[in-house]
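Let's take a walk through this fold together, one part at a time. Have a look at the sequence and the model first.

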Amino acid sequence: MERSKVMKMTMAALGLALVLMVQQADATRYIVGGGGIGWTTNVNYTVWAKGKQFYNGDWLFFVYDRNQMNVLEVNKTDYESCNSDHPLHNWTTGAGRDVVPLNVTRHYYFISGKGFCYGGMKLAVRVETPPPPPKAAPLDEKSGSSPSTAVYRGQLVIPAALAIAAVWDAFVRIW
């Protein structure tokens, strides 16, 4: 019985080490309006979105009063006229904490119905394809490695050391 517990812990440690070695995705989660404001009236969301780059894979996080407001995705015409009669998608889940994945490269238009759009609760974003990753630095002919290799090695060494320590600890406990 004790051995199975130790093996489970060992496998969990190895799994964690593998997760730590995987490169992180560069998706960004934006809190619409900012952390202190959220999705509310009297905010100029055009100004909020200005200067932000929205990429395929990013997320919009709408935080609002669920008893009064909602999040509707509409077309450009309905966005401009604040028409909430025929939304493309109703992202309102009822919790007032709605996450919208930006998973297609295109323009997105969001409004809050119930008349709040007229008070400025509307957001238009243009989602673009992410830029390609930066090119690798040229090899240093003297050392045979590039600066990015040192970073990559660091991403492997620490998780590998933790995994080896977990396996060693498991074997010591078993015997």
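In what order do the 5 strands of the open sheet lie? Before the answer, a word on the source: this is a predicted model, where local features need pLDDT of at least 70, side-chain atom pairs count only at pLDDT 80 or more, and totals for chains, interfaces and linings use all residues. Residues are numbered from 1 along each chain as its sequence is written, and side-chain values use heavy atoms, with hydrogens and water left out.

Now the sheet: its order is β2-β8-β7-β4-β5, with mixed pairing. β2 (54-55) and β5 (89-90) sit at the edges with a single partner strand each, so one side of each has no neighbour in the sheet. Strands here are DSSP runs (E, at least two residues; helices are H or I, at least four), numbered from the N terminus, and two of them pair if DSSP finds at least two bridges between them. Take β4 (residues 72-74) and β7 (residues 107-111): they run antiparallel, joined by 3 bridges. Val 74, for one, has Tyr 109 in β7 as its bridge partner.

Next, the inside. The largest nonpolar core (buried Ala, Val, Leu, Ile, Met, Phe, Trp, Tyr and Cys residues joined through side-chain atoms within 4.5 Å; buried is under 20% relative accessible area, with a 1.4 Å probe and protein chains only) has 23 residues. Among those with the most contacts inside it are Trp 39, Leu 60 and Phe 110. Two or more residues each come from α2 (45-49), β3 (58-63), β6 (97-102), β7 and β8 (122-128). A second, separate core of 7 residues includes Cys 82, Tyr 109, Ile 111 and Cys 117, so you've already met Tyr 109 as the partner of Val 74.

Note on methods. Buried < 20%, exposed > 50% of the residue type's maximum accessible area, 1.4 Å probe, protein only.
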